[in-house]
Amino acid sequence: MKYFRILLTFFTAGLVIYACSKKYLDKRALGELDEAALANKKGVEGLLIGAYSLLDGIGGNKSGFGSAGSNWIYVSICGSEAYIGSFQNDRGNTSIAAFERFTATATNENLASKWGTLYDGIQRANDVLRIMKKAKDISEADQKRIAAEAKFLRAHYHFEAKKMWNKVPYIDESISYTAGNYRVGNDKDIWPDIENDLKYAVDSLPPTSDRGVGRAIKYTAMALLAKAYIFQKKFAEAKPLLEAITSSGKYQLVNYHNNFNPETKNSSESVFSVQMSVNDGAAGLNGNYGDLSNFPGTGMFGSQPGACCGTFQPSQYLVNHFKTDAITGLPDLDNFNVVNVKYDSALKSTDPFTPYTGTLDSRLDWTVGRRGIPYLDWGNHPGNDWIIDQNYGGPYSPKKNVYYKSQETHLTDAEFWGNVTTANNVNLIRYADVLLWAAEVEVEIGSLEKAKDYVNEVRRRAADPSGWVKKADGTPAANYKVGEYTNAWTDKSFAIKAVRYERMLELAMEGHRFFDLVRWGIADTEINAYIQKEKQMRTYLNSVVFKKNCNEYFAIPQTQIDLSAGSDGVRKMKQNPSCN
Amino acid sequence: MHGCASHIIFNNLVFSSAKFQHYIFYPFHKLLSIVTLSKRISKKHFLTLTFLFFAFTILAQKKITGVITNSVNVPMVGVTVAIKNNSTGTTTDTTGNFTILANQGDVLIVSYVGYQTQEIKIDGQPILVLSLSESFINLDEIFLTGYTFQKLKEITGSVAIVKAKDLTAVPAGQVEQMLQGRVAGLNVITSGMPGGGSNVRLHGIGNFGDVTPLYIIDGVQGDINNLNPGDIESLQVLKDAGAYAMYGVRGGNGVIIITTRNGKIGKTKIDYDFYIGTTQPLQKGPDLLNPQEMADLTWLALRNSGQLAPNGNPFDRYYGNGPTAVLPDYLIAGPFRGLFEGDPRVNPDLYNIDFTAPPLYQITPSNKTGTDWFHEVFKPAISQNHSITVSGANDKNKYLFSLGYLDQQGTLLNTYLKRFTARINTIFSVDDKIRIGENLQLSYRDNPRIASQQGPNDNEIFGTFTSQTILPVYDIKGGWSTLQDDGVFLRDNMVARRTIAKDDRTNYWETFGNVWAEADFLKDFSFRTQFGGTLTTYYLYNFIFGGYNSTQSGLPNNHLSESSGYRRSWTWTNTLNFSKTFLNDHTIKVLAGTEAISNYNRETGGGTFGFFTNDPNYRFLNNGSPSTQTNYSFAGASTLSSFISRINYGFKEKYFLSGTLRNDGSSVFGPENRYGWFPSLSAAWRITEENFLKEWLWLTDLKLRASWGKTGFYGNTDPFNQYSLFGGSVGDAYYDIYGISTGSIQQGFRATRIGEPKTGWQEDIVVNAGFESILWNGKLNITVDWYKKKSKGLLFPITLPDVVGGAAPPNINVGNVQNTGVDVLLGSKGRFSKNWKWDATITLTTYKNKIIQLNDLPFFSPPVDQAGPFVRNEVGHPVSSFYGYKIIGFFQSTNDVIKSPIQDAAAAGRFKYQDTDGDGTITDLDRVYYGNANPKFTAGINIGISYKDFDFSTFCYGSFGNDVLNVTRALTDFFSSYGFSPAKSKTALYNSWTPQNPNAQAPIVENDFNFSNIGAVNSYLLEDGSYFRNKVMTLGYALPKSWLQKIKIEKLRIYVQAVNLFTITGYTGLDPELSGLSAAYGIDFGNYPDSQKQWLLGLNVNF
């Protein structure tokens, strides 16, 4: 019988477990935090950092080349600044090549990546706002600032989406899975929403911050709001904002190349930058990961910058922009593309080559790597040896995103292969950009002379020999000649052309060109002209056409349109006009 | 006259079965010969009958004598003859005769193992002449079903039983693979990768995630893949709710119950089983172009696309710029491409691939005859298996020890499954009423595999389809060759990748088993408590060698990563049993109990770059570069608490009713949906026990069954599904807000998971009706089941639009699916003659799967990284339907383009899509469902024939009417294709559209990627995936007993076996047998083929 007793004890114990299962079945999540744990100042500040962290476009579950914060595919490849590059059979980038040919469809993975990452960033900003409401230990002032930063970021991500697709949904903190209202249409224009968020940020953010150079302050918000106005041609609204920035004394132009050097980043020219970081335990994910293929490298470690993959090669068209008049140092706004800047195609690195001897804008050699010119501290660009296939992608290498040899492994990530992720910031807005907006505003609604002054301020720096690329002996690397506009600007159409041209010179390869062309309404003429000329060298452009009223905006990812329907099957989102 | 009648019946039975035997087994003989034979037999029996009739009238004595023969008139020795309800009994002697004292009217029971037991009434016969029919089925055999043992005839649910012998006939490494085609209703899709997973699906796809049945091994949920198949005693597949509702929420996918062997009463037995064999890679790999053809294709593509250099010729950095493409002698020399013999740059003295001493200078010749990458990584492989078992028992105690060793080498380099298992099973009777026992299994598994084949992963098999044939395996000095600058997404050297993988480790140690105690009390009650579970520890090790270029290993540095973890799970079951027979005919069995299950797992790991040397003895995490050390850990936990009950009622072994009820509570769900009730009812009627069928003696047994029940499913739901969670790692949420560039990144958080507390169980309502029939004592048996399974509230991660953010979506009750189908099992066993025996089974499985509702979703798709963009699940369509633009042909001319509906990128030679909505424009609304992976039916055919000491068996399996998407063709049939830089197929060059070849297979060759070729998801990749395969063919020979007795061996059998001897299929890929996610399968991303031929030699010895 004693066995029975033992067994009976077991049985009873079993029943007890069943009866007490309520507690037995309560399992807290392991290894993650719940909302309550973050509903406090520290937690909300952490969420805000999380919202910032998607500025680089990397870190969401959709991120990839297509979501890079630099927008290099959409801006430079679509905007005639650069070719995909590399070589013909490099179909690792074929889904990117579709952009070069304007055939990217709604199922293109890069578009899906961009869309997903932007809305991820938007909801991260919304999480800040949602959870802050539940926190009790945040002062009113902090609440205001945090909300403003979150709304600023939310506006930025929406702005990016607006540039890409035009008709996109605006997602504020009221929209969530839990609220069940996430099937949102794209029928409304979201500019007013973007403006509202940015106005809130302008009103609520402090003019300075000791909380990190990466943070949005009042002037950052002003600059982005001004940009939003300019995109809508609301020049009158933009003007006071731009003037507030220029008169604040907070920003000034610095040595041109300091903007593209991780050692001198966040200078007084930087208005809004994506902060890049390496050797931080993330194996390169915080260091320009979306641009990792944009190095001249042909895959041979140690002998050249990066190890991958020869994409993002500047176009001849871009290079030709930099020719200047030997006397005035001014560009030829109309005929710059008739004669090419001499290049070294079809030459081996061992073949003799003398670079172009005509006068050039000094910014060329900080923007484009070309043969015979010092490539940072890597020695002279050797031409063919650094180019995967000159015949295909042309003779040039990108430069603004490249690091110095002396920075290798220190300011590039040692954990990731090949030194292709760097601490070089992506400049979203720098002061020169602001000045050129101001010039544009003046051209449109103000004084052409003032516009000229703004443009000259930018050119003056380029004309300063102290900021030029130098040979080892200290002499200028090429025949630089940059002059200011001295004749009075009286013709508005000339002024418009000059300002637009200056943006190309100053901001090439920095994520502006295509969106500028679209907002100016000249994308079809400019890009088709580019294709006509360029296809003589880049034969793959032979059948490429930019279709007006279609290619200005990208296709909304098909899946997102499909998913905008509930079980009734009615899709709330509509596709952009088809290119048929 | 009374006795006479029974003899007539008896003789008729003999006659009938004999006749049946001839019909069945000489089906192709001329009808005439059958008729003649039947006549002869009937004549003989007629004489017997006449004789007995006269004998009865003359003799009426107490001493009964008789002779017992088998159905072919051979006297039977040792047959038990006993008087019913009396202890008197005897056995037949060597001539088959017996003598017994009996009274007039007594009933004799004549029985012999393996033969149908006969009852005969003493009714004045002088000599009893009995002919026993072989019995091929034993309805009194006992099997474990839901928590209880039941006699075969009492089972009211649909239960399929697989004998250990049939299972182990297929020399697979894993039990799942052995189940293919053995059970009607069970679809098994398996892979050739050693230790690779199989898809086991009962009655179609009842949910969108994991549809693997629940494996209960000796009463405890276990991992079937660590089980030594030789340890299995029997395997029962519970197929309807009447059988598996007892398992509640875990039972929704069906339950497979495995009982391991134990000792049998008698002397100690030692069994040794062994086989060794070789697996041959498929002879035909991908059908790729040779280097010159590839170059020609390139020229064709560039010409067709008008992408010509100023001299009017295409150009390519390898093939030059001439009117025809010219293969270079060297692909690479340092940074230079496409060089020729005699070029100073190919000087071997310049060669350097030491990445620690740059600059690098690799020199790689071109392989003008073409590298067959498939056969460079797939090589013949040896497999062997040993299993030794010692077992014994007396009337109180039983024991069994076994040791198993499996070494299954995969044909793909460095893939294998090595498994050691040890088992100790014991049962002790403490006294008359109390028994205790345990089952313990220890296993060790070393199982390196390649990356999952589910989804467009960059795995090695995929690589063999896409690696350029011009690339040799080695450079001029034996280094791995690569096209170094071909970008990150381009091909590794697949041989390098597989060779470097040789040091990788994936080791698992598992302790699995249970202890139990059972006590009988108060006459009709018994109580059982059982505690069992699994403790798995595992260790993973990966070392990446430093590489000299980006594609060779992906890293300039060497890198070590190690991780290890453990999983533990325990199940504690307490059950109380009551069993009683009332008024002779009424049997009641009641079971009630509780069950508690708890799971926990935790893993830690780390990695470091930059080891001073690749020496294996130096590879420790702390020896790498300190700044690159990373570490992590994670854990999971869940619990389940249940109440179980069951009642069985039987009347006269004729009517059976059974009801079960289970209540489950799970930690996975929020409090409001935490508990679920799962009832079932089932009934069976053994119609052959009714008097009106007694005369149909050919019908040995006919059982009609019906059941209804509710089960559930909660698998593939994250244990923390109910919680909205936040987290974030350095890479995805931290930000360098201070702009310091290195090492000062600030912690950030992001939403990692969206919680859904409202999610509850998936409920399966299963209705099943069927019959089991046994004809001619088991010479033929037929089981047919019809079922309808409605799965409500399927659990699946909701596909959310991106506007909700990047947090992982929760599992919700996404919709309802219905499966209906019919399972048929036909079995036959018997003898042709004294020396010839047969044994045959056919299983047929059909199911029709349909999504009948989706909750607030228009459709949902499985993740793209696993299924590609090809699959969509929508109401009215089967799960895993292929969705996209349907190709209706090619545009034949510019004129054709103008006449056809408007289509983006339309041009001659490109695809013309179906204008489904007829609006004259091809838009996303024109996409259709153009195929799905569900087969119309699958069938297994097993045939065994033995002659004297020889045995032959073969097993075939077929799947019919299933579609396959051959994604490898998306890469090889189009010059311009997404994702990779692949090699191209003969189709691309020789069967692509040209004006002269308007009905080609592939579209025009062009260097363009657009909506009208492969830039849209379209039906190009669709193929019929039907196949019929001879899985295994075995010829065995048992050495004569007379020889063996001298060396004290009871049995020694040797056999040879051929696996996958042939496959009949129209599929153009490697193998149409494609596993995958339930929500998306039948997609060929380069699967490890299961159709490889294998030759084996084996041995069974019993002492």
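1. In chain A, helix α18 (residues 513–520) and helix α19 (residues 523–534) have axes that come within 7 Å and cross at roughly 130°. The model is a predicted one. An angle over 145 degrees would count as roughly antiparallel and one from 65 to 115 as roughly perpendicular, with the rest oblique; α18(A) and α19(A) are therefore oblique to each other.

2. Which residues bring α18(A) and α19(A) together? From α18(A) they are A:R513, A:F514, A:L517 and A:V518, and these meet A:A523, A:E526 and A:I527 in α19(A). By type, the residues of this contact are five nonpolar and two charged, with no polar ones.

3. A second helix pair in chain A is α4 (residues 41–52) with α7 (residues 109–132), packed at an angle of about 165° with the axes 8 Å apart. α4(A) and α7(A) are therefore roughly antiparallel to each other. Their crossing is left-handed. On the α4(A) side the contact uses A:V44, A:L47, A:L48, A:G50 and A:A51, while α7(A) supplies A:R124, A:A125, A:D127, A:V128, A:I131 and A:M132. Eight of the residues in the contact of α4(A) with α7(A) are nonpolar, one is polar and two are charged.

4. The third pair is α8(A) with helix α9 (residues 191–204) of chain A, whose axes come within 8 Å and cross at roughly 150°. As the angle is over 145 degrees, α8(A) and α9(A) are therefore roughly antiparallel to each other. The crossing of α8(A) past α9(A) is left-handed. Residues of α8(A) in the contact include A:K144, A:A147, A:F152, A:H158 and A:K162, and those of α9(A) include A:W191, A:I194, A:D197 and A:Y200. The contact of α8(A) with α9(A) divides into ten nonpolar, two polar and six charged residues.

5. Salt bridges come next. Side chains of opposite charge can pair when their charged atoms come close. Over all chains, the structure holds 89 salt bridges. One of them joins the side chains of A:E35 and A:K134, at 2.4 Å from N to O. Where do these two residues lie in chain A? A:E35 is in helix α3 (residues 35–38), and A:K134 is in the loop between α7 and α8 (140–165). The pair links distant parts of the chain, with the two positions 99 residues apart in numbering.

6. The last topic is the contact between the chains. It takes 139 residues from chain B and 118 residues from chain A. The size of an interface is often given as the accessible area lost when the parts come together. Chain B and chain A bury about 10500 Å² between them, and 61% of this is on carbon and sulfur atoms. In chain B, the residues that lose the most area to chain A are B:F726, B:Y735 and B:V803, which together make up 8% of what that side buries.

7. How many salt bridges are there between chain B and chain A? The count is five. There is also a salt bridge between the side chains of A:K62 and B:D802, with a distance of 2.5 Å from N to O.

Key. Residues numbered from 1 in each chain as written. Chains lettered and ligands numbered in written order. Predicted model: local features only at pLDDT ≥ 70, side-chain atom pairs only at ≥ 80, totals over all residues. Heavy atoms only, no water. Axes fitted to C-alpha atoms, helices over the stretch in contact; angles between N-to-C directions. Helix = DSSP H or I, 4+ residues; strand = E, 2+ residues; numbered from the N terminus. Parallel < 35°, antiparallel > 145°, perpendicular 65-115°, else oblique. Left-handed = near helix turned anticlockwise from the far one by under 90°. Contact = heavy atoms within 4.5 Å. Nonpolar A, V, L, I, M, F, W, Y, C, P; charged D, E, K, R; others polar. Buried area = accessible area lost by both parts, 1.4 Å probe. Salt bridge = Lys/Arg side-chain N within 4 Å of Asp/Glu carboxyl O.
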